[in-house]
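Welcome, and please open the model in your viewer. We will go from stop to stop, with something to select at each one.

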Amino acid sequence: MRSSSPTTSVWKMMAEDGKDEQFGPDEDSENTTADGTDGSLNNAMVEEGSTLLRRMEICVAEAEKRSGKNAVNMQETFTVYLIETRPMDAVAEGRNPAPDSLWRRYSEFELLRNYLIVTYPYVVVPPLPEKRAEFVWHKLSADNMDPDFVERRRVGLENFLLRVASHPVLSNDKILYYFLTEEDGWKEAVYETGFQAKADSRLRALSATFRVRNPDKRFMEMKHYSDELQSHTSQLLRARARVADRLYGVYKVHGNYGRVFSEWSAIEKEMGDGLQSAGHHMDAYAASIDDILEEEEHYADQLKEYLSYAEALRAVCRKHELNQFELEMASQDLISKKQQREELATGIVRTFSFKGMTNKLFGQEAPEQREARLKLLEELIAEGEETVKDKTIECEEHVERAWVDMQRFKEQKDKDLQEALINYAVMQISMCKKGIQVWGNAKECFLKM
C-alpha cells in the first residue's frame, strides 16, 4: 500500500498557490549556465520567481522489482520507480487527464543530482534517500530490496523531486524537465552538456581546503555548522535506533501477559471471562509496536535527509574554498611575473634566482634576448590580469549566490525539522495514551471479574 511522506501536504499547498502558465523547455532561450557556457540546452528560465512545481503535479507513484542484464552482461535484480506528471492548469480547471508516466532507476536519479551539483555549484542541492538502510534497529531489514525499505525510498525520491521542482533555480533546468517527461534520450542530453568534465577533482578541493589563505568567514562558519549538524543528527538517529530496539522488546514482552491471562482463564469459572478479555487487550498492545515503529521510520527518514543535507552544504563551502584558492594562486602568479618584469627592466634582482646567478657568472644577456623576454612577460602579465579579473568575478558571484541559497536552505531546515520533531513528539504522546488506554481496558476487565 502506498504511503505518503509527512511533508507531502506542504508540497501540495505550494503547488496550489501556483500560476496557470504551461511549462515547457524554451528552445529559443539564450541563457547561460553558472560557469558562463551556452545554456540553451541546460536551462529553461521561464519567469523570474516561478517554479516547475507551480506548473506540474509530480509524484513517484509506485516501485517495481525487475531483472535484466547490466553493462557487463551479468544478470541483476533492480528496482524501478514510476514517475507521474500532470499539468497544473488542467488540475486547476477541474479536469482530471491521465498523467504522463515513465520509469526511472535509482541510478538515473543519481545522474540527475550529480548533473545539478556540477551545473549549480552555488546551490545546496537536495539529497537523495539512502541507497542502503543505515541507523537501523535490529528487527528492521537492511536489505535494499526489502519491500518496506523500497517503499520508504519511493517516498524519499518523490520528496527529492518535489524539493528540486520547487527550488527557484533548479526547477527551471531543462534537463530536469527532460528527466520528468522524456522516457528515452534524456541521458544523452545530460552527457551532451559535458558536466562530467566540469566536475571538480576531490584531490583539488581537498588541497584547496588546507592551502586557502583568506576564505570568507561566513562560509567557514557554515562549514563548521554543517559538521555539527551531521554530528548531532547522527547521534539522534543512533539514540532513536537504541530506543526502538528496547521499545520493541518491552511491547513484545506484554504478549506474555496475554498468554498467561488466556491460560489462566481456562481454570477459572468466575474470573475466566475477565482474564481472557484482559489477555486479548495485552496481545493487541504487543502487536501494535510493529505499526508504531514503521511510522517512526518516516520521521527517521526526515532526519536522515538532513544528515545528507549537511554534506550538500559542505560541498557549496568547498567550492568557495576552491574558487578562493584559485584566485589567490592566480594573484600570486601575477605578482611574481610583475616582479620578474621589474627586475628585467631595471637589471636589479631583488630575490635569489638561478637566472640571477648565471647572469653574474656569465654576464648579462643580449639586448635582443632581453627585449624578447620583456615582450613575453608583458603578454603573460596581460593574460594573468585577465585571469585574476575572471577569477575575482567568479568568486564574488559564487559567494553572493551561494549565500542567498544558504539562507533559503536555513529557513527550510528550521521549518522542516521543527515540523518533524513536533510530529514525532505527538506520535510518542499518542503511543503513551494508547498504552494507558490498554491498561484502562484491562482494569475494567478485572473489575468485572
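**Stop 1: Glu64**

Start by selecting Glu64, which counts as partly exposed because its relative accessibility is 31%, between the 20% and 50% cut-offs. Glu64 sits in strand β1. Keep in mind as you look around that this is a predicted model.

Now add Tyr81 to the selection. Glu64 and Tyr81 are separated by 17 residues in sequence, and their C-alpha atoms are 6.4 Å apart in space. Which residues does Glu64 contact, leaving aside its neighbours within four places in sequence? Show Phe78, Thr79, Val80 and Trp103, and you have them.

**Stop 2: the whole chain**

Zoom out and colour by secondary structure. The protein chain has 13 helices and three strands. Switch to a surface if you like: of the 449 residues in the protein chain, 42% count as buried. For the contacts in the chain with a separation of 6 or more, 77% come from residues 24 or more positions apart.

**Stop 3: helix α5**

Select residues 174-181, which make up helix α5. Is this helix mostly covered or mostly open? It is mostly covered, with seven of its eight residues buried. To see the buried ones, show Lys174, Ile175, Leu176, Tyr177, Tyr178, Phe179 and Leu180.

What covers these buried residues? The cover includes the strands β1 (56-69), β2 (75-87) and β3 (100-105). It also includes the helices α3, α4 and α6, the last of these spanning 186-192. Strand β1 is where we met Glu64.

**Stop 4: α3 against α4**

Two of those covering helices are next. Select α3 (residues 106-119) together with α4 (residues 147-165). Two packed helices are described by the angle between their axes and the distance between the axes. Here the angle is about 30° and the axes are 12 Å apart. That angle makes α3 roughly parallel to α4, since angles under 35 degrees count that way. Turn the view to look at the crossing, in which α3 passes α4 in a left-handed manner.

Now show side chains. From α3, take Tyr106, Phe109, Leu112, Arg113 and Leu116; from α4, the residues they meet are Arg153, Leu157, Phe160, Leu161 and Val164. Sorted by class, this contact has eight nonpolar, no polar and two charged residues.

**Stop 5: α9 against α11**

Move on to helix α9 (residues 217-265) and helix α11 (residues 289-346). Their axes come within 9 Å and cross at roughly 165°. That crossing makes α9 roughly antiparallel to α11, because angles over 145 degrees fall in that class. The crossing of α9 past α11 is left-handed. How many residues of each class make up this contact? There are 22 nonpolar, five polar and 11 charged residues in the contact of α9 with α11.

While you are on α11, pick out Leu293. Leu293 counts as buried, at 1% relative accessibility. Select Leu247 as well: Leu293 and Leu247 are 46 residues apart in sequence, with 9.1 Å between their C-alpha atoms.

**Stop 6: salt bridges**

Side chains of opposite charge can pair when their charged atoms come close. The structure has 28 salt bridges in total, and a few are worth a visit.

- Select Glu321 and Lys223, whose side chains meet in a salt bridge at 3.1 Å, N to O. Glu321 belongs to α11 and Lys223 to α9, so the pair ties together parts that lie 98 residues apart in sequence. Are the two residues buried or exposed? Both Glu321 and Lys223 are buried.
- Next, select Arg240 and Glu297, which form a salt bridge with their closest N and O atoms 2.6 Å apart. Arg240 is in α9 and Glu297 in α11, so this pair ties together parts 57 residues apart in sequence. Arg240 and Glu297 are both buried.
- Then try Arg218 and Asp216, where the side chains meet in a salt bridge at 3.1 Å, N to O. Arg218 counts as partly exposed, at 32% relative accessibility.
- For the last selection, show Asp227, Glu311, Arg314 and Arg318 together: a network of salt bridges links them.

How values were computed
Residues numbered from 1 in each chain as written. Predicted model: local features only at pLDDT ≥ 70, side-chain atom pairs only at ≥ 80, totals over all residues. Heavy atoms only, no water. Axes fitted to C-alpha atoms, helices over the stretch in contact; angles between N-to-C directions. Helix = DSSP H or I, 4+ residues; strand = E, 2+ residues; numbered from the N terminus. Parallel < 35°, antiparallel > 145°, perpendicular 65-115°, else oblique. Left-handed = near helix turned anticlockwise from the far one by under 90°. Nonpolar A, V, L, I, M, F, W, Y, C, P; charged D, E, K, R; others polar. Salt bridge = Lys/Arg side-chain N within 4 Å of Asp/Glu carboxyl O. Buried < 20%, exposed > 50% of the residue type's maximum accessible area, 1.4 Å probe, protein only. Contact = heavy atoms within 4.5 Å.
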